[in-house]
Amino acid sequence: MQSRDSLYRTIVAQADDPESPVRVRVERHDDRAVVTLDEPDRLNVLSGPLVRQLRSALTALVDDVDVRTVVLTGADPGFSAGGDLQMMRTAVEHLHGAEGVTDMWRWIRREFGAIAKTIAGSDTIFVAAINGPAAGVGLAWALTCDIVLASDRAILVPAFGRLGLIPEVGTSWALTQRLGDQGALAFYLRGDHIDAHTAQRLGLVQEVVEHERLLQAADEWCSRIADLPPHAVAMTKPLLRASADASWSASLTYEEFAEPSCFSTAAFADSVTDLLG
């Protein structure tokens, strides 16, 4: 029997109200799309409507076989301030409600986590274009993307510890992959704001560009991807993500099973013919 007092269901119902303001913009351009978090007056805080709209938009895009790349960015002046403090306060007030902490478990898993899993688990290549401050779950989503770009105004804000929280929604994995366990712990304990160039030096972002060129740089990555055979990119993304957690021998086995499929494609056959002249 479902409780009528579920905070999770209440938040979802309010967020899905047709009268809710539009908080996510999607622009399609042939084989690519730009998804913009769009509540700039609150630094694109992760309100109920924004999160639900983002989840819906990303699901539709990864289900579209014609979309090969998705650029995720925020409306200036920031990428995302992270979790909605108003929602957090409401959650604290309902901790002893009918469903207790499982309400927040549902929101974290089904909403925040579902977006991260969509980014990581799809064949679509996601390019994060961090245009300003990125904090909390917003930062987690950016680090989950396959390519992370930053404008020279970008700031990574590891605010978890100061709020009494742990790294969330895949951040612990992303940080340990890039920084190692000691580096990830130091990142968490310091809680320092990380500017774009420092983030690049640490390996948290791939490229830093002038703010005005950020979306152009992201589009250039989309064009690089468009120039490659679709099957090769789509197969390589899950291969590399699986290999990140696997032994060398397991990675080799993944490759051995995947590579023969590529030999059967027209793109590979045409490339061989072109190289042979």
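Which residues is Leu54 in contact with, leaving aside its neighbours within four places in sequence? I looked this up before anything else. I found Val24, Val35, Leu37, Leu72, Ile115 and Trp141. I note here that the model is predicted.

**Entry: cores**

I then looked at the nonpolar core around Leu54. The largest nonpolar core has 52 residues. Leu54, Leu72 and Trp141 touch the most other members of that core. I also found another core lying apart from it, of 11 residues. Among its members are Val71, Leu149, Leu214 and Cys222. I kept a general remark beside this: in soluble globular proteins, nonpolar side chains tend to be buried together.

**Entry: aromatic rings**

Trp141 led me to the rings. How many aromatic pairs are there? I count 2 aromatic pairs. For Trp107 and Phe112, the ring centres are 5.9 Å apart and the planes stand at 75 degrees. I call this pair edge-to-face, because an angle over 60 degrees counts as such. Phe112 also pairs with Trp141, with centres 6.0 Å apart and planes at 75 degrees, so I call this pair edge-to-face too. This second pair links distant parts of the chain. Phe112 is in helix H4, residues 102–121. Trp141 is in helix H5, residues 136–144. The two residues are 29 residues apart.

I entered the three residues as one aromatic cluster: Trp107, Phe112 and Trp141. Are these rings buried or exposed? Trp107 has 1% relative accessibility and counts as buried. Phe112 has 8% and counts as buried. Trp141 has 0% and counts as buried. The reason is the cut-off: buried means under 20% relative accessible area.

I checked one more ring, that of Trp221. The charged end of Arg224 sits over this ring, 4.4 Å from its centre.

**Entry: cysteines**

How many disulfides does the structure hold? I found 0 disulfides. Cys145 is in no disulfide, and its nearest cysteine sulfur is that of Cys222, 11 Å away. Why is there no bond from Cys222? The closest cysteine sulfur, in Cys145, is 11 Å from the sulfur of Cys222, too far for a bond. The cut-off I used is 2.5 Å between the sulfur atoms. I then read off the burial of both residues. Cys145 counts as buried, at 2% relative accessibility. Cys222 is buried as well, with a relative accessible area of 1%.

**Entry: Ile166**

Where is Ile166 placed? I located Ile166 in the loop between strand S7 (155–157) and helix H6 (171–190). Ile166 is exposed, with a relative accessible area of 62%. Ile166 touches Phe160 and Tyr188, not counting residues up to four places away in sequence. I also took the distance from Ile166 to His193, which lies 27 residues apart from it along the chain. Their C-alpha atoms are separated by 17 Å.

**Entry: whole chain**

I closed with the overall figures. The chain has 11 helices and 9 strands. Its radius of gyration is 20 Å, close to the 19 Å that the globule rule gives for 277 residues. I therefore put the chain down as being as compact as a globular protein of that length. The C-alpha trace spans about 70 × 45 × 40 Å along its principal axes. Of the 277 residues, 43% count as buried. I looked at contacts with a separation of 6 or more, and residues 24 or more positions apart account for 73% of them.

How values were computed: Residues numbered from 1 in each chain as written. Predicted model: local features only at pLDDT ≥ 70, side-chain atom pairs only at ≥ 80, totals over all residues. Heavy atoms only, no water. Phe/Tyr/Trp six-rings, centres within 6.5 Å; stacked < 30°, edge-to-face > 60°. Buried < 20%, exposed > 50% of the residue type's maximum accessible area, 1.4 Å probe, protein only. Helix = DSSP H or I, 4+ residues; strand = E, 2+ residues; numbered from the N terminus. Lys NZ or Arg CZ within 6 Å of the ring centre and 35° of its normal. Core = buried A, V, L, I, M, F, W, Y, C linked by side-chain atoms within 4.5 Å. Contact = heavy atoms within 4.5 Å. Rg over C-alpha atoms; globule rule 2.2 N^0.38 Å.
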